[in-house]
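Hi,

Here is the structure I said I'd pass on. Have a look at it first, and my notes follow underneath.

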Amino acid sequence: MQTKLRTYEIVPNTNISFPIGTILTVEKLYDALDFLTVFGKHKRHGIDINKLLKALVSYKLTDNFSIKKAHGWINRDEVLDHFNLDEFSERTLYRVLGIIGANREEIISDIQDNLFKRYDFEHTNINMDWTSVVLHGDKASLGKYGYSRDHRPDKKQITIGISELADPINLPIGITVEKGNLNDQTHFKKTYHQVNKRLRKGSLVVFDKGANSIDNTALIRADEMQYITAKKLNKSDDKIIADFDEYSPEIVDAENGIYGIKINKPNRVNYLYFSEKLQKEQLESKGRKVLRQIHEAKELQEIIDRKKKIPKRFRINNVLIDVSYSFQTKLIRLSEDEAIKLLEEKLITGREGFFCLKSSKNLTLKQALLTYRKKDSIEKIFHSLKNEIEIKPLRVWTDDSIYGAIIIGFIAQMFISLMRYEFAELKHTSTKFIKKSISNLTVTVDSWQRKSKKYIYANFDAINTLILRSKWGIS
């Protein structure tokens, strides 16, 4: 009688598995949007650019490490066989990125043509926003030091602008790439002009206060569009804030204690809000800052009293700058309570909890706030692009290659967003889970001791079955 489990003997074989679900999904969408004509005209000789692009986008939605890794991933016999490609060099993929980058404006325009030809979108209201992406290497002129949203001020970067059809569509339709030190107000113009001809008259353009300027809102109004944006609080707002209760503010969001008033201007409406929750958060943050500065001042005073060397964090750390230091804290003549009161007077402005939106459209306070809040969908696109599609960090060395790599990532993100738009079941499914589902569907090519290859498909689930059974409008 057998009392122990037998040990399975593992025999090596030449079978290979790869994520066929991702490849089939990319091919369906690529063909449905007629990308063959979008890209085919830009490379007529040599290896078919469309086959290479299908493979690159498939890789972007699976492992996605680098062009070098992509080259190795695609140059496996079974993958080459699927795409009907011959083995090719790594340089070929860099040339493809360069071609896409050099023709980026026409390519984005053609993609938009095909999107709007295929879909009769229920509206053309858009959200717009800008971010930065770290760039490795210093050869590309696009790379500049600037305000880093990736918290890497030590690295050169580029800035990226995205235009997205607003809720409930939530589909990116435009992408612009600029130098890493360009501010949002300036970048706005390029991003807006890339999509404005696609918008119907009266469409609403939503963007944040970083891009808000008189010139930018005038551009929108000149096209007979509407806008809503945030504005920085100024001295005229302070006068209203001081007497806020006298304006009989309306309750807007009871859960978060948000109240608001409308202020009519000649060409716009200002929506001034007060949030109890925001006020509490800002006051707590400033309270922590007061305590940090008190601690810092005490520490420095003790160093001065003991006549020790001033630590580097209190000094300019640059060998090219000669500085003579003379430190004196106010703690000598102030009690701790007086110091705290002084800091509170400097840090607490009375604006805590207040924020202001402005719009060319006369909305209710609730409509304005809800519309602006829904702009956070574009923040989710940025998160998806950076952390799930993984366009960062960029490891290409020329401007055209940078543009090309970003457009590959943009196409991958657009495909994910289209899946959410096409299938109500996926509306609130994250990029991570969609990617995981389609890449989980694998095919194993069983060629061991066989005269012909056998294909074994595995790991079907609800998401990849739903996507792959769809016809995407293709007969």
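**Sheet, helices and rings**

Let's start with one spot in the sheet: Ile-126 stands opposite Leu-165 of strand E3. Do keep in mind as you read that this is a predicted model.

That residue pair belongs to a longer stretch of pairing, where strand E2 (residues 126-134) and strand E3 (residues 157-165) run antiparallel and are joined by 9 bridges. Helix H15 (residues 399-422) packs on the sheet here, touching E3 and E4, and its direction makes about 160° with that of E4.

Zooming out, the sheet is an open one with 9 strands, ordered E4-E3-E2-E5-E6-E10-E9-E8-E7, and its pairing is mixed. The edges are strand E4 (171-179) and strand E7 (250-253); each has a single partner strand, so one side of each has no neighbour in the sheet. On average, neighbouring strands are turned by 25° against each other, direction ignored.

Another helix to look at is H11 (residues 276-305). Helix H11 lies across strands E8 (258-264), E9 (269-275) and E10 (354-359), and runs at about 65° to E9.

Now the aromatics, which I enjoyed going through. The count comes to 15 aromatic pairs. One of them is Phe-35 with Phe-415: the ring centres are 5.9 Å apart and the planes are at 25°, so this pair is stacked. It links distant parts of the chain, with Phe-35 in helix H2 (residues 35-40) and Phe-415 in helix H15, 380 residues apart. Are these two rings buried or exposed? Phe-35 has a relative accessible area of 0%, so it is buried, and Phe-415 is buried too, at 0% relative accessibility. Both rings also belong to one aromatic cluster, made up of Tyr-30, Phe-35, Phe-39 and Phe-415.

A second pair worth a click is Trp-130 with Phe-188, which is tilted, at 6.0 Å centre to centre and 45° between the planes. This pair also links distant parts of the chain: Trp-130 is in strand E2 and Phe-188 in helix H8 (residues 184-195), 58 residues apart. Trp-130 is buried, with a relative accessible area of 3%, and Phe-188 is buried at 0%.

One last thing, this time with a charge involved. The charged end of Arg-104 sits over the ring of Tyr-403, 3.5 Å from the ring centre.

Cheers

Definitions and conventions. Residues are numbered from 1 along each chain as its sequence is written. This is a predicted model: local features need pLDDT of at least 70, side-chain atom pairs count only at pLDDT 80 or more; totals for chains, interfaces and linings use all residues. Side-chain values use heavy atoms; hydrogens and water are left out. Two strands pair if DSSP finds at least two bridges between them. Helices (H or I, at least four residues) and strands (E, at least two) are DSSP runs, numbered from the N terminus. Axes are lines fitted to C-alpha atoms, for helices over the stretch in contact, and angles run from 0 to 180 degrees between N-to-C directions. Contact means heavy atoms within 4.5 Å. Rings of Phe, Tyr and Trp (its six-membered ring) pair if their centres lie within 6.5 Å; planes under 30 degrees apart count as stacked, over 60 as edge-to-face and the rest as tilted. Buried means under 20% relative accessible area, exposed over 50%, partly exposed in between (1.4 Å probe, protein chains only). A charge sits over a ring if NZ of Lys or CZ of Arg is within 6 Å of the ring centre and within 35 degrees of the ring normal.
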